[in-house]
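Me: Could you take a close look at how one pair of helices packs in this model, and then set that pair in the wider context of the chain? I would like a connected account rather than a list.

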Amino acid sequence: MDAKKKLLLGILAVVVVVLFVYFVLPEKSVTTYFIEAKYNDEVKVVEANQTVKYVNNTGSSLKEVYFHLYPNAFKSETSLPFTKEELSFVYPEGFEPGFIEIEKVTINGLPADYTLMEPNDEILKLTLPREIKKGESINIKIKYKVKIPPAKSRFGYGKNTVQLGNWYPVLSVYDKNGWNNDPYYIFGDPFYSDVANYRVEIVVPERFIVASTGEEKEKKVEKGSKKLVLEANKVRDFAIVMSDKFKVAEATVDGINIRSYYLTDGYGDKTLKFASDAIRFYNEYIGKYPYKTYSVVETDFYLGGMEYPQLVMISKDLYNKANLFNLEYVIAHETAHQWWYAVVGNNQIRESWLDEGLTEYSTLLYIERYYGKATAEEIYRLVIERGFNKFLSNSLDTSFAKTLADFKEWQEYTNIVYNKGAMVFYNLRKLIGEENFRKVLQTYYEKYKYKIATTQDLIDVVDSVTGKDTGGFFQSWFY
Ligand SMILES: [Zn+2]
């Protein structure tokens, strides 16, 4: 071998090692969920075997690991995550329980010691056979059965669709406060999770069309049923909505496959356009959406919309002429959550204002882009600012320093978290100027992609972009 060849081979070897270290190794440090599920439509039950390869990225040694069992909030009428006024909308046919039943748990192949914790068995606690050190991983297998309730909610079914939101055991987050084992609160989106890789194999009746997080990798049809292999990388959650009535409209925007799963005739193209416009605008204004597909799904859902990674549930009640602008607004809002919640995560229990405020203000930016500054300003003045000021005149405490457990009514939550949250960003943009504001959103997005950000992280980004101390500005809004 001559010297030149040797040199070339040497360079090649270095490149391979560098690529391995930068691209292959980090993937290994992501927790993976492998779920094999079978849905029985007659009894509305999902039976599943779930293998979690949990990687201890907490920075500490662990003796226990916790999972949320959100379906257990639907077990009894006293534990439901709804207000009394909402019940008749959520359960139009009357209450029936929904729940998750844990049948067996093993850790690294051996039967595990586990307990279900209060309230309502919503937390699964696993005591590990031996401590796992930071960076170490373990294999956790959970066999369970999920009973879906007749609820027009994130988890439940209605006349048209079956919603599997927050339906499987999902790991609690371990952060500087330790394990976050909050129950399913009534107000807000009480979910807080780390990104993970997913492979979900689900068997459904052949007639069902399935919308989900991730991408479909395989489809096998056999004797009236259909097995789908779905995969998603670096997502915070995995949601599914299915129906035997769905029609699908599709488009490609910036290489992203956008889908509208719809039930109401005439609304496929409309909702597809709203979703496409939203993805196109946020891509350009904030930064590129990292996933390959995004689905907007018409759902038997009682309240506006709900965000999941790569999938949003939109209430069927909005798919009509009278609500067309609302429908666009809700789709623009839930799509903005793909940036603020799905990609950049935050603790939605302790700092719900962070993703909601940013999402609501991003929606106004969308309105400004497609309807002009005057329309966006009008919505800001008449809906957001006026709504908040009216609330302020009757309320002494509008502080952001609340967890979801502290809110007492929807009005309080909406005004403080959405309206006041959006007002912070409206005024921040005025304070630092358009160019800096845009740079703040882009920097915050890039820096906290797939991570958990805090209010302080956002303030630090603002300060680093502007070169100023804006702590006082934020303080004035916080209390
Ligand atoms: Zn929202």
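Reply: In this predicted model, helix α5, spanning residues 352-371, packs against helix α6, residues 373-394, at an angle of about 145°, and their axes are 7 Å apart. Angle and axis distance are given together here because two packed helices are described by the angle between their axes and the distance between the axes. On the α5 side the residues that take part are L364, I367, E368 and Y371, and in α6 they meet K373, T375, A376, I379 and Y380. Sorted by class, this contact of α5 with α6 holds six nonpolar residues, one polar residue and two charged residues.

As for the wider context, the chain is divided into domain 1 (27-242), domain 2 (247-338) and domain 3 (352-478). Between domain 2 and domain 3 the C-alpha centres lie 22 Å apart, and 12 residues of domain 2 are in contact with 14 residues of domain 3. On the side of domain 2 that touches domain 3, the elements giving two or more residues are α3 (268-285) and α4 (324-336), and of the elements there α3 gives the most, with five residues. That side of domain 2 is made up, by class, of eight nonpolar, three polar and one charged residues.

The nonpolar interior can be described in a similar way. The largest nonpolar core has 129 residues, and A275, V297 and I331 are those with the most contacts inside it. The element that gives the most to this core is helix α7, residues 410-432, with nine residues. The surroundings of V297 can be listed in full once its neighbours within four places in sequence are left aside: V297 is then in contact with A211, V241, Y261, L311, V312, M313 and I314.

Finally, a word on a sheet elsewhere in the chain. Four strands form an open sheet in the order β6-β7-β3-β11, with antiparallel pairing, and the edge strands, each of which pairs on one side only, are β6 (113-117) and β11 (170-171). Strand β3, residues 62-68, runs antiparallel to β11 and is joined to β11 by two bridges; in this pairing, F67 has L171 in β11 as its bridge partner.

How values were computed. Residues are numbered from 1 along each chain as its sequence is written. This is a predicted model: local features need pLDDT of at least 70, side-chain atom pairs count only at pLDDT 80 or more; totals for chains, interfaces and linings use all residues. A nonpolar core is a set of buried Ala, Val, Leu, Ile, Met, Phe, Trp, Tyr and Cys residues joined through C-beta atoms within 7 Å. A residue is buried if 20 or more other C-beta atoms lie within 10 Å of its own, exposed if 12 or fewer, and partly exposed in between; C-beta atoms are placed from the backbone. Two residues are in contact if their C-beta atoms, placed from the backbone, lie within 7 Å. Domain bounds come from an automatic or database domain assignment. Ala, Val, Leu, Ile, Met, Phe, Trp, Tyr, Cys and Pro count as nonpolar, Asp, Glu, Lys and Arg as charged, and the others, Gly among them, as polar. Axes are lines fitted to C-alpha atoms, for helices over the stretch in contact, and angles run from 0 to 180 degrees between N-to-C directions. Two strands pair if DSSP finds at least two bridges between them.
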